[in-house]
Amino acid sequence: MKTAVFWGCRILVGQYAYEMSVREVMPKLGVELFDLREALCCGDPVKSVNDFAATYLSARVLALANLTGTGDLLVPCNRCHFTISEAKNTINTNSQVSEKIKGLLKEEGLGYNPDVRLWHVIDLLHDRLGLDRVKKAVVKPLKGLRLASHVGCQILRYTDLGRVDDAEDPKKLDYLIGAVGAESVDYAEKLDCCGAHLLLSHVDSALSLTGAKLKALQALGVDGLVVSCPDCGLMYDSRQKDAATTVGAKLNVPVVYYTQLLGLAMGIDQEKLGLQLNQSSVETLLTKVSV
Amino acid sequence: MGLTDLMSMAKPNLESRRKVLSKLKGKELVNCFQCMRCTSGCTSLKLLELEPHEIEKLVTLGFVDELAASDIIWTCVTCLKCVERCPQKASPYHVILALRNLAVEREAKVPEAFMKAVSQILETGLAESPQKVTTKKMEAFGREGLKLPKVCGPKESFQMVFFKALEERQ
């Protein structure tokens with residue numbers, strides 16, 4: 001299949017490992033990615049400032065996706081996925097807003113298309129391609145790994161918008177972890193938030209949330225945490241050291257993106273998956289699977 | 001001192017209440033019956049003492065000016081659990097966003113990072129600027145070093161139109 005891809009800000013400016021692994025894994029599964037003409041913010045931080053302007057940014061993203069002519073848009077970031085989904089809903093249900101937005105887009109010669117389908121990495125792999133397709137691509141099953149999944153908040157809620165998985169009992173990421181031969185461990189803190197949004201206003205509280213969850217996972221003795229959102233990756237991986245300082249604990253939880261994990265199982269080079277960029281102790285995880 | 005204590009001397013402002021309600025088209029704030037399901041699952045409750053049901057009640061009663069000027073509306077982590085779980089579709093998250101928007105309109109104290117993000121978007125299209133990532137071997141990589149495609153910002157015409165969008169209010 002062919003799909004346009006919208007990365008959002010956080011992946012493009014720093015969560016390179018996610019971008020690299022998505023770019024590596026998807027084409028090998030038969031998904032051809034088309035970058036949008038321009039990089040743009042989805043509107044997420046603008047929602048708190050001016051909801052209308054945020055809706056406009058999301059609509060502009062959809063208009064850019066429309067230009068690629070694929071009809072599908074992969075959005076690997078949870079926050080972008082939510083912001084765009086909600087904007088779509090507002091434009092569909094509020095004719096006043098919809099007309100204003102379409103007018104603004106027209107000024108740049110852009111057109112809104114309500115039929116662009118949104119995908120996240122998780123539902124693209126699980127629903128569109130299917131677990132069998134994923135399993136077939138695995139050449140080195142990651143046997144013996146016990147991993148915890150962290151889906152993140154904004155692709156799960158709220159259900160009225162149509163989300164990627166069940167809001168209270170998400171399973172798709174766990175099935176995907178199972179598909180690469182690893183074991184997915186259930187745990188009480190599964191739905192706890194990483195806290196990334198609070199980086200904008202209360203940094204210590206944001207890091208406390210991150211640290212608290214990592215502490216619980218460490219006590220559980222898992223081999224690693226699997227994420228699929230650049231915000232969660234930023235908090236649990238890039239800022240794990242800061243989180244450890246904030247909660248006063250020694251944290252050593254390897255954190256990987258699901259697409260990195262899948263790439264390993266598909267036999268892709270570690271460097272191509274950006275594993276050298278992970279700040280958490282991924283080495284211990286890599287030694288266990290000896291790939 | 002709790003949030004409610006701050007209101008003991010305040011007078012309801014129905015005009016401000018109307019303003020928030022108009023921003024909440026279709027979100028049934030007035031139907032909130034204070035079951036506190038939002039608060040019992042609120043991510044920010046333990047850390048920052050955010051009690052969404054209290055915010056719902058205060059807006060319904062018209063204590064909007066106090067809330068728009070308060071720090072408490074900036075403690076929401078936007079996990080959306082309250083939206084999902086509210087049996088009355090009164091969505092505290094959306095009420096908090098409406099209050100944040102109102103605070104910006106009134107030029108109340110808004111965490112700097114939000115305004116910075118907006119001006120960055122105006123300038124470059126993205127809310128943040130590209131960073132280098134340092135590996136454990138102390139090598140710093142940017143997009144180019146990782147052979148990732150160059151990031152192209154939006155065309156110049158974007159700035160003007162986005163500025164117009166910022167002047168509009170929903």
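Which domains does the domain assignment give for chain B? The assignment divides chain B into domain 1 (3-105) and domain 2 (112-167). The structure discussed here is a predicted model, and this report treats chain B, chain A and the contact between them in turn.

## Chain B

The two domains of chain B have C-alpha centres separated by 32 Å. In secondary structure, chain B holds 10 helices and two strands. Their order along the sequence is α-α-α-α-α-α-α-α-α-β-β-α, a pattern in which the two strands stand just before the final helix.

The radius of gyration of chain B is 20 Å, whereas a compact globule of 170 residues would have one near 15 Å. Along the principal axes, the C-alpha trace of chain B spans about 55 × 40 × 30 Å. Of the contacts in chain B between residues at least 6 apart in sequence, 69% link residues at least 24 apart.

## Chain A

Chain A comprises 13 helices and eight strands. Its radius of gyration, 19 Å, is close to the 19 Å that the globule rule gives for 291 residues, so chain A is as compact as a globular protein of that length. Contacts in chain A with a separation of 6 or more are made, in 79% of cases, by residues 24 or more positions apart.

The table sets out corresponding values for the two chains.

| Chain | Residues | Buried residues | Extent along principal axes |
|---|---|---|---|
| Chain A | 291 residues | 58% | roughly 55 × 45 × 30 Å |
| Chain B | 170 residues | 37% | about 55 × 40 × 30 Å |

### Domains of chain A

For chain A, the assignment gives domain 1 (2-119) and domain 2 (131-289). The C-alpha centres of these two domains of chain A lie 24 Å apart. In the contact between them, 22 residues of domain 1 of chain A meet 26 residues of domain 2 of chain A. On the domain 1 side, the elements that give two or more residues are helix H1 (8-13), helix H2 (16-28) and helix H4 (78-93) of chain A. H2(A) provides the largest share of that side, with nine residues. By class, the domain 1 side consists of 11 nonpolar, six polar and five charged residues.

### Strand S5 and its partners

Strand S5 (146-150) belongs to chain A. Four of the five residues of S5(A) are buried, so this strand is largely enclosed by the rest of the structure. S5(A) pairs with two strands described here. With S6(A), the pairing is parallel and extends over three bridges; A:Arg146 stands opposite A:Glu183 of S6(A). With S7(A), S5(A) also runs parallel, and four bridges join the two strands. In that pairing, A:Leu147 has A:Gly224 of S7(A) as its bridge partner.

### Helix H8 and the β-α-β unit

S5(A), H8(A) and S6(A) together form a right-handed β-α-β unit. Is helix H8 (172-179) of chain A mostly covered or mostly uncovered? The helix is mostly covered, with six of its eight residues buried. The buried positions of H8(A) are A:Lys172, A:Leu173, A:Asp174, A:Leu176, A:Ile177 and A:Ala179. A:Lys172 and A:Asp174 are thus among the buried residues of this helix.

The buried residues of H8(A) pack against both helices and strands of chain A. The helices are H6 (121-129), H7 (131-137) and H12 (258-265) of chain A. The strands are S5 (146-150), S6 (183-185) and S7 (224-227) of chain A. H8(A) therefore packs against S5(A) and S6(A) through its buried residues, and these are the strands with which H8(A) makes the right-handed unit. After H8(A) comes A:Gly181, which has a positive phi near 95°.

## Contact between the chains

How many residues does the contact take from chain B and from chain A? Chain B gives 53 residues and chain A gives 47 residues. On the chain B side, helix H4 (43-48), helix H7 (81-85), helix H8 (92-105), helix H9 (112-124) and helix H10 (157-167) each supply at least two residues. H10(B) makes the largest contribution to this side, namely seven residues. The residues of the chain B side divide into 32 nonpolar, 11 polar and 10 charged.

Note on methods
Residues are numbered from 1 along each chain as its sequence is written. Chains are lettered from A and ligands numbered from 1 in the order in which they are written. This is a predicted model: local features need pLDDT of at least 70, side-chain atom pairs count only at pLDDT 80 or more; totals for chains, interfaces and linings use all residues. A residue is buried if 20 or more other C-beta atoms lie within 10 Å of its own, exposed if 12 or fewer, and partly exposed in between; C-beta atoms are placed from the backbone. Two residues are in contact if their C-beta atoms, placed from the backbone, lie within 7 Å. Domain bounds come from an automatic or database domain assignment. Ala, Val, Leu, Ile, Met, Phe, Trp, Tyr, Cys and Pro count as nonpolar, Asp, Glu, Lys and Arg as charged, and the others, Gly among them, as polar. The radius of gyration is taken over C-alpha atoms; the globule rule is 2.2 Å times the number of residues to the power 0.38. Two strands pair if DSSP finds at least two bridges between them. A crossover is right-handed if, with the strands pointing away from the viewer, the path from the first strand over the helix to the second runs clockwise.
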